[in-house]
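User: Please take a close look at one part of this model and tell me how it is placed in the chain. Then put it in the context of the rest, in one connected account.

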Amino acid sequence: MDTQNTVIWVGILLSAAQVLFTWFLFSLGLRKILKKLHWKNVWMAWIPGARFFALGNALEHTIDGILCGVLDVLNLAISLINVDATSQGWSVAIMLLHFVVYIALFVFRIRLFMRILRVFERKNYWIVFFLLLESLTILILGFGKKYQPKAEFLQKAEAEQAAEERAEAESKAIVPDSETTDTIPKTGLYVNIRERKVREFGKTHHLLRDIAMTVPNGSMVLLLGGSGAGKTTFVNAVIGYEKADAKIVLNGRDVYHDGADMKYRIGFVPQQNLMRGNDTVLYTVDDAAEMRLPKSVKTKDRIERVNEVLALLGLSSGSEGLVSKKSGGQLRRIAIAMELVSDPELFVLDEPDSGLDGIIAREIFQKLRTIADDGKIVIVITHTPDRVIDLFDRVIILGKDSQRTGRLTFYGTPDEAKAFFHKDTMEGILMSINQKEEGGEGLAEHYAELFAATRKGGAAE
């Protein structure tokens, strides 16, 4: 009996040694492959689950990497279950689950390996080597000097890594806010967005970088930029909806630090008309006033403010009518009234003229001009700026650089913008900063650097 137990234990130890040896060879080769792909966290190659997550990200097949990683961990966990210690019914269920997980893991490992072959420019017959000698094949690709990723893939990976390092270095070089407090104006809007970044699937994406400006009260500002240039991200950062590494000050109050109070000072009108069709216009605006105004405001003062806003936007005569019966232009004015009723100091609108014809759209913008002339700051995103550009005091122009990060390419008056870009229209300016694949000239990064240099040379805000 002792001899039999010894043989069993020797068999178990040999089997465990084989598994560990295979894991070691595979992880060693995978570490070298990750290094060739310029993946920074090569230590992940040694960790079950994490190794496939890293490989999928490095190969730009993130979803496959995540699924493969989850299945790898699940497969390991099921393997550790002692089937003999469970009831017969559970044993069958566990073995069936193990089989399904193993097959799914095998499929996704094949998908990732096929991606490796494409990146390393190997023939498809290499899949045979992978099926027969997986660890050895990974070792050969990892340690073989003649097996390298194709040049364009490496160039992209190197550019992303360089951009991330540059952004981190620049963020560290920023002067702390405590040292620049004296330069922040007491009135108007002060914006200094050092960066806005997100981390997804192990990679850092810089959405915005180096955007600074001062907007005086009484200004109507056009926010211009192509698709993906960061307009929405910029707006969210300014109003405090999505905080960035930034300093945002509105009339002496820090938007991020004084959030509870600032929600009454900032109004935002989205593209969608968020209102109930079965309510009257008066009830809709009054209901918004109850939610938007501080609790300390008396009912009489609230009603007076509601009537004032309705009159300003030309909604008084039809205020008893249902929202569902109103035209597109009237709906946009109601949406504006719902935010304006709180008397915000900063008013931001995302395409208030969307779907409206020229005459009605101009009426909307003229109302916004009146609001700005009352001492407010009005920032507007619109895709048809040239038909109302005469109503704007200033323009913020954002563009994507080579790393697809939103950058400030210009801030100033519309006439100054036309002179800076050597264009006669806002649409012409937009074409010059749009990416070439979007039909533009791809000069966003050039103008961002040029504008930054101009500012350092002493240009006014």
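Analyst: A residue is called buried here when its relative accessible area is under 20%, exposed when that area is over 50%, and partly exposed in between. The part chosen is helix H8, which covers residues 231-239. The model is a predicted one.

Two residues of the helix can be followed in detail. Thr233 is one residue of H8. Its relative accessibility is 18%, and because the limit for buried is under 20%, Thr233 counts as buried. Setting aside residues up to four places away in sequence, Thr233 touches Arg196, Leu207 and Leu208.

Ala237 is also in H8. With a relative accessible area of 0%, Ala237 is buried. Outside its neighbours within four places in sequence, Ala237 is in contact with Ile193, Glu242, Ala244, Ile248 and Tyr256. For one of these, Tyr256, the spacing is available: 19 residues separate Ala237 and Tyr256 in sequence, and their C-alpha atoms are 9.4 Å apart.

The contacts of H8 lead on to strand S1, which spans residues 189-200. Lys197 belongs to S1. At 38% relative accessibility, Lys197 is partly exposed, since that value lies between the limits of 20% and 50%. Apart from neighbours within four places in sequence, Lys197 contacts Thr204, His205, His206 and Leu207. Leu207 is also among the residues touched by Thr233. Lys197 and Asp245 are 48 residues apart along the chain, with 8.4 Å between their C-alpha atoms.

Next, the enclosed spaces. The structure has three cavities of 30 Å³ or more. The second largest holds about 50 Å³ of space. Its lining consists of Gly226, Ser227, Ala229, Leu398, Gly399, Lys400, Ile433, Asn434, Gln435 and Glu438. Strand S9, residues 394-400, provides the largest share of that lining, with three residues. By class, the lining has three nonpolar, five polar and two charged residues.

The largest cavity encloses about 60 Å³. The residues around it are Phe26, Phe52, Leu55, Arg109, Leu112, Phe113, Ile116, Phe130, Glu134 and Ile138. At least two lining residues come from each of helix H2 (50-58), helix H4 (88-119) and helix H6 (134-143). H4 is the main contributor, supplying four residues. Eight of the lining residues are nonpolar and two are charged, with no polar residue among them.

Two points of backbone geometry lie elsewhere in the chain. Arg404 is not a glycine, yet its phi is positive, near 60°. Arg404 sits in the loop between S9 and strand S10 (406-412). S9 is the strand that gives three residues to the lining of the second largest cavity. At 45% relative accessibility, Arg404 counts as partly exposed. His422, again not a glycine, has a positive phi of about 60°. The loop that holds His422 runs between helix H14 (414-421) and helix H15 (426-433). His422 is exposed, because its relative accessibility of 68% is over 50%.

For the chain as a whole, the secondary structure comes to 16 helices and ten strands. Of its 461 residues, 45% are buried; Thr233 and Ala237 are both in the buried class. Among contacts with a sequence separation of 6 or more, 66% join residues 24 or more positions apart. The accessible surface of the chain is about 23800 Å², and carbon and sulfur atoms account for 58% of that area.

Finally, confidence. The chain has an average pLDDT of 83, and 87% of its residues score at least 70. Residues 171-179 fall below 50; this stretch makes five contacts in the model beyond near neighbours in sequence.

To return to the helix, the picture of H8 rests on Thr233 and Ala237. Thr233 reaches Arg196, Leu207 and Leu208, whereas Ala237 meets Ile193, Glu242, Ala244, Ile248 and Tyr256.

Note on methods
Residues numbered from 1 in each chain as written. Predicted model: local features only at pLDDT ≥ 70, side-chain atom pairs only at ≥ 80, totals over all residues. Heavy atoms only, no water. pLDDT = per-residue confidence, 0-100. Contact = heavy atoms within 4.5 Å. 1 Å grid on protein atoms, 1.4 Å probe; cavity = no way out; pocket = protein on both sides within 12 Å on 5 of 7 lines; lining within 4 Å. Points joined across faces, edges and corners; volume = space filled by probe spheres on them. Nonpolar A, V, L, I, M, F, W, Y, C, P; charged D, E, K, R; others polar. Buried < 20%, exposed > 50% of the residue type's maximum accessible area, 1.4 Å probe, protein only. Areas by Shrake-Rupley, 256 points an atom, 1.4 Å probe, with all protein chains shown as cover.
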